[in-house]
Every structure is written in structure tokens, then in C-alpha cells.
Amino acid sequence: MLREIPWYLIPVIPFLLWGESALAQTRTVDPETGSVTWETQVHGVTLSLTQILPDQARAFYVNRGLPTTATESYAKSCVYMTVLRNDSAPGVVHFRLSDWSVVSTTGSQPPIGAATWLKRFEADELSQSARIAFRWAQFPPEQAYQPGGDWNQGMLSAGLPPDSEFDLIARLDVAGEPFEGVLKNVRCAK
Amino acid sequence: MFVVQNRRCQWVLLLTAWLVSPVLADLPPLTHGLTPITEPMDAPALRLTSLDDEIVDLASLRGQVVVVNFWATWCPPCRREMPSLEHLYQQAGDKGVTVLAVNVGEDEDTVFPFLGTVEPSPTFPILFDTDSSVLTQWRVRGLPTTFVVGPNGKLAYQAVGGREFNHPDLIDQLLQLLDK
């Protein structure tokens with residue numbers, strides 16, 4: 001995608017987009033649960049992460065038949081309710097989760113997707129209904145949002161220990177152009 | 001009218017409500033836009049068993065506008081939009097618009113008590129895609145996803161994420177398909 005942009009503009013793009021993202025970022029705390037939400041709205045696209053407390057993740061999946069061992073490792077992996085929405089982007093918003101980065105002091109890697117988790121759970125022999133619930137409650141590994149309100153909400157695992165801090169770089173393709181949305185200083189629930 | 005059958009189900013519902021409440025609190029209002037499918041293709045096959053234990057076949061609904069909604073009880077946007085699907089069905093059902101709600105991966109014991117919590121409770125067919133094979137055939141990537149099948153059996157619109165299906169503009173959009 002970067003090849004479609006004139007070479008002389010490439011060095012400038014991260015500064016423009018990153019700066020715009022940082023200015024637009026908000027942080028709110030739910031007074032009842034203490035869960036924190038980080039949100040940014042840039043370029044007609046909204047991205048938000050809301051902490052899912054380990055107890056909430058445990059309860060959700062135990063209730064859907066996931067074995068305790070599987071639930072435990074997932075619940076402690078820094079999970080967020082993630083919303084991505086095409087409010088008024090100039091075209092289709094497309095992403096692949098494998099292109100995103102979780103950047104922390106320990107390094108940079110993509111969020112852990114549903115397929116990776118299900119592979120880790122193989123020894124736990126999940127029932128069909130538990131496997132389906134797990135897969136489809138996760139944020140999609142790839143999606144395209146049309147303008148005018150397409151959106152998804154799903155769970156996203158950053159794959160970090162509780163209380164870690166990181167930046168999320170969400171790499172999107174907006175109307176055929178590469179774009180980065182950044183949420184800075186996001187903290188995992190304890 | 002559906003009712004919550006037993007105490008265990010009540011606890012499940014209460015727990016579910018607690019789990020989704022913090023997330024629901026900050027959700028944006030549902031929009032009512034449908035995306036036209038620019039190169040209409042035949043809708044994939046859909047033949048599933050309903051909550052009433054009947055086989056429902058999309059192919060037998062030719063001549064109607066069919067709203068095919070993929071959902072699950074644990075999916076917050078699916079829960080939010082369900083009442084609007086019933087309102088749509090009540091307002092446009094006798095004009096040739098029908099709704100098929102395809103539940104993904106759950107069973108009757110889970111879905112039936114949930115429907116009792118929806119106001120108004122759905123009267124359109126609830127279908128069960130227990131192994132998610134239909135979901136895969138329809139190339140759904142996230143829940144909820146909704147397709148509109150025109151009277152000619154071709155895909156006309158789609159919507160990714162929750163919608164307000166009883167919005168007048170959306171209902172007009174669906175009724176116009178009947179005139180084509």
C-alpha cells in the first residue's frame with residue numbers, strides 16, 4: 001500500500017496521522033466497574049478499547065462452556081472490548097488484525113487473534129458451541145466496513161500480563177489509502 | 001409470549017446482563033444505513049430448523065424481501081437491534097418483507113429464555129445454525145451481520161454491525177425492492 005503514495009510524502013504521513021490520533025484520544029472510566037475506555041476518532045473512523053476485567057472474561061466464557069484452563073489463560077491476557085466503526089470515512093475501511101501492533105516495553109507484536117487462541121485450546125477439547133462462541137465473540141481477524149455506519153464490537157487480546165501498558169497501532173486501509181490509528185498509553189486491567 | 005423457564009436461566013440472564021452492561025452503556029446510537037450490493041448475486045442456500053421445529057428454506061420465499069440476520073444471544077449489538085427487527089416485521093410483514101434471524105452456535109435452551117427478555121418478543125422465525133456452516137457460506141466475518149435478499153432471490157443489501165431496522169428510511173428502502 002505504501003508504494004501507492006509518492007515517496008516524498010511517506011516520511012510526513014506518520015507525523016500527521018499520529019499527531020491527529022493523539023489529539024483526538026479520550027480516556028473515560030466507568031464509575032460502576034472501574035473499567036477504562038480509550039477512544040480515538042480520526043478520519044471518519046472510531047476506534048475504542050474498553051478494559052474487560054479478568055473476572056468478566058472468566059464469567060463470560062465459563063458461562064459458554066469454555067474449560068477453566070482455557071478461560072484462565074485468556075482472561076489474564078489483557079482483554080478489551082473493541083469497537084471499530086466507519087462513521088464518515090471517505091470510503092471502505094478494511095483491516096487485517098495481523099497488521100496491527102501492540103507496542104510495549106517488551107516489544108511489538110500483533111494482538112492475539114481467535115485462531116491462535118483456538119490452537120492453544122486444542123488440548124482442552126472445547127465443545128462445538130464453546131468453540132463457536134469463543135471465535136465469534138472475538139474481534140474479527142479481518143473485516144471491511146462500508147461508509148455510513150458499518151461497525152463491529154468484539155473481544156481483543158493484547159497478549160500482555162495484567163497491568164501492562166502499551167500503544168495500539170491499528171493499521172487500516174481507508175478508501176484504498178494506508179492509515180494508522182493509534183491509541184497511546186493503554187493499560188491492561190489488573 | 002416467551003417466559004423465562006427456570007431459576008438457572010434467570011441467573012444466566014442476570015449474569016449476561018451484568019457482563020454486557022458496562023459495554024452497552026457507552027455504545028453509540030444504532031444507524032439505519034444499508035449498503036447496496038453493487039454486483040447482485042444469488043443468495044447462498046439457507047435451509048435450517050426453526051425454534052418451532054419447522055424447516056425454513058429461503059428458496060421458498062421468492063417474491064418476498066427477506067432480511068437475513070446472523071446473531072447470538074451473547075452479542076451485545078445483536079441484542080440491541082433485535083426489537084427493531086420485530087418492529088420492522090410488524091410494520092412491513094404484511095407488505096412482503098419477512099425476517100429470518102439465524103442464531104449461530106447456540107441451542108433452544110439458551111435462545112428461548114433470551115427471547116422472553118426482548119420487548120417486543122420476536123414473532124419472526126428464529127433459525128439455528130448450530131455448527132456455523134451457514135454463517136461460513138454467507139461469508140460473515142462478524143456478528144451481527146444482516147443481508148437483504150430481494151424478491152428475485154439475489155443479495156440486494158448488507159449491513160455489518162447493529163442497525164435500527166424500523167427506521168422509516170430503512171423500511172422504505174426495503175419496500176422499494178418490492179417495486180423493482
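**Chain B: sheet and helix packing**

Biologist: What is the strand order in the open sheet of chain B?
Modeller: The order is β1-β8-β7-β4-β5-β6, six strands with mixed pairing. Strands are DSSP runs of E, at least two residues, and helices are runs of H or I, at least four, numbered from the N terminus. Two strands pair if DSSP finds at least two bridges between them.
Biologist: Which are the edge strands?
Modeller: β1 (35-36) and β6 (126-129) of chain B, each pairing on one side only.
Biologist: Is this a predicted model, and what are the cut-offs?
Modeller: It is predicted: local features need pLDDT of at least 70, side-chain atom pairs count only at pLDDT 80 or more, and totals for chains, interfaces and linings use all residues. Residues are numbered from 1 along each chain as its sequence is written, chains are lettered from A and ligands numbered from 1 in the order written, and side-chain values use heavy atoms, without hydrogens and water.Biologist: Parallel or antiparallel, how do β5(B) and β6(B) pair?
Modeller: Strand β5 (residues 97-104) and β6(B) pair in the parallel sense, over four bridges. B:Val102 has B:Leu127 of β6(B) as its bridge partner.
Biologist: Now helices. At what angle do the axes of α2(B) and α5(B) cross?
Modeller: Roughly 50°, and the axes of α2 (residues 76-92) and α5 (residues 168-179) come within 11 Å. Axes are lines fitted to C-alpha atoms, for helices over the stretch in contact, with angles from 0 to 180 degrees between N-to-C directions. The two helices are therefore oblique to each other (not under 35 degrees, roughly parallel; over 145, roughly antiparallel; or 65 to 115, roughly perpendicular).
Biologist: Which residues make the contact?
Modeller: B:Leu88, B:Gln91 and B:Ala92 of α2(B), with B:Ile171, B:Leu174 and B:Leu175 of α5(B). Contact means heavy atoms within 4.5 Å.

Note on methods: Residues are numbered from 1 along each chain as its sequence is written. Chains are lettered from A and ligands numbered from 1 in the order in which they are written. Side-chain values use heavy atoms; hydrogens and water are left out.
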